[in-house]
Amino acid sequence: MGIEPVILDITVPEHIDALAKRIADDPKKRKLRAVVNNAGIAVNAPVETLPLDQWRLQFDVNLFGHIAVTQAMLPFLHQSRGRIVNISSVGGKVAMGTYGAYSGTKFALEAISDSLRRELAPHDIQVVVVEPGGVQTEMTPHGIERARAFVDEMTPAQRQRYGGLMQAVINQSAEFTKKGLSAEQAALVIAKAVTARKPRTRYTIGRDAALLTRLARILPDRTLDRVAAANLRAHFPKEHPA
Ligand SMILES: NC(=O)c1ccc[n+]([C@@H]2O[C@H](COP(=O)([O-])OP(=O)(O)OC[C@H]3O[C@@H](n4cnc5c(N)ncnc54)[C@H](OP(=O)(O)O)[C@@H]3O)[C@@H](O)[C@H]2O)c1
């Protein structure tokens, strides 16, 4: 398969430099065809309670890391007229309660991808965005673990205000992912985004993502608020009703 693992924490500049050097010094002089910016973490908590260091971590991984990798890889992509595929999310089009930080990174990634696509089109480099809905990966279990820790760190007043919402979001995201596609099905869409001769600017993954991204385009904010609240209501614990 020709797969070569590399150590790459995208928040560590030295790792990115080492990757660029590895590509520049490739003994077979192969060209870099595509970069898939996929790394991501989910940090869920209300805007009021999420500690600033967690906001920074969320943006470092889901946004600034991808910008750093993209900047480092672009010299190679100019040589190959290659492609950038940015993995966003349905959360890049709809920002539900407790998703402020996660959606903040994904909305920004969507905007930056639009700028990049327009900047790079004259240079024959394609920029494609992929917007998954629920996919069965480690993201939800890890996100739930983090969310539970944030609830533990809340003050009693914050827990009173947001404890029910956090539990509802945890329950909803567990169900959302359980009903989601397999990672293999998601990878097929990403492969298409990487290899299609004339790629679309955006691909959604899963019916949930296709529906929600469309609804976000056409529904007024207040109507979308009511749809979101209605979907979440059933997930609130009995002791903390919506
Ligand atoms: N799963 C879903 O339902 C879903 C829905 C919408 C969008 N997405 C998006 O899909 C992408 C992939 O997520 P996933 O579902 O496959 O989640 P995942 O199973 O948790 O995988 C996330 C990956 O990101 C890597 N990563 C995290 N921090 C990193 C860092 N600082 N540097 C380099 N790599 C890092 C992780 O590596 P380690 O394991 O080594 O930490 C892991 O390989 C993300 O951008 C996510 O936002 C997922």
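Arg22 is partly exposed, with a relative accessible area of 27%; here buried means under 20% relative accessible area, exposed over 50% and partly exposed in between (1.4 Å probe, protein chains only). The model is predicted: local features need pLDDT of at least 70, side-chain atom pairs count only at pLDDT 80 or more, and totals for chains, interfaces and linings use all residues. Residues are numbered from 1 along each chain as its sequence is written, and side-chain values use heavy atoms, with hydrogens and water left out.

**Salt bridges**

The structure holds 13 salt bridges, each defined as a side-chain nitrogen of Lys or Arg within 4 Å of a carboxyl oxygen of Asp or Glu. Three of these pairs are listed below.

| Pair | Closest N to O distance |
|---|---|
| Glu4 and Arg22 | 2.8 Å |
| Asp26 and Arg22 | 3.0 Å |
| Arg202 and Glu110 | 2.9 Å |

Arg22 forms a salt bridge with Glu4. Because Glu4 lies in the segment before helix 1 (13-24) and Arg22 in helix 1, the pair ties together parts that are 18 residues apart in sequence. Helices (H or I, at least four residues) and strands (E, at least two) are DSSP runs, numbered from the N terminus. Glu4 is partly exposed at 45% relative accessible area. Asp26, which also forms a salt bridge with Arg22, is buried at 5%.

The salt bridge between Arg202 and Glu110 has one residue in strand 6 (residues 202-205) and the other in helix 3 (residues 100-120), so it ties together parts that are 92 residues apart in sequence. Arg202 is buried at 19% relative accessibility, and Glu110 is buried at 4%. Both residues belong to a network of salt bridges that links Lys93, Glu110, Asp114, Arg117, Glu131 and Arg202.

**A buried arginine without a salt bridge**

Arg83 is found in strand 2 (residues 83-87). Arg83 is buried yet has no salt bridge, and the nearest side chain of opposite charge, that of Asp124, is 11 Å away. In this count Lys and Arg are positive and Asp and Glu negative, while His and the chain ends are not counted. A polar atom of the Arg83 side chain lies 2.9 Å from the backbone oxygen of Ala193.

**Positive phi angles**

Most residues other than glycine have a negative phi. Asp124 is not a glycine, but has a positive phi of about 60°. Asp124 is placed in the loop between helix 3 and strand 3 (126-132) and is partly exposed at 45% relative accessibility. Thr98 likewise has a positive phi, near 75°. Thr98 sits in the loop between strand 2 and helix 3 and is buried at 5% relative accessibility.

**Helix packing**

Helix 4 (residues 139-153) and helix 5 (residues 156-178) pack at an angle of about 170°, with their axes 10 Å apart. Axes are lines fitted to C-alpha atoms, for helices over the stretch in contact, and angles run from 0 to 180 degrees between N-to-C directions. Helix 4 is therefore roughly antiparallel to helix 5, a term for angles over 145 degrees. Among the residues making the contact (heavy atoms within 4.5 Å) are Ile144, Phe150 and Val151 of helix 4 and Met166 and Ile170 of helix 5.

**The surroundings of Ala39**

Ala39 lies in the loop between strand 1 (34-37) and helix 2 (52-80) and is partly exposed at 33% relative accessibility. Leaving aside its neighbours within four places in sequence, Ala39 is in contact with Ile10, Val61, Asn62 and His66. The C-alpha atoms of Ala39 and Asn86, 47 residues apart along the chain, are separated by 9.6 Å.

Technical notes:
A polar contact is a pair of N or O atoms within 3.5 Å; within protein, one must be able to donate a hydrogen and the other to accept it, and residues adjacent in sequence count only if both atoms are side-chain atoms. Angles under 35 degrees count as roughly parallel, over 145 as roughly antiparallel, 65 to 115 as roughly perpendicular and the rest as oblique.
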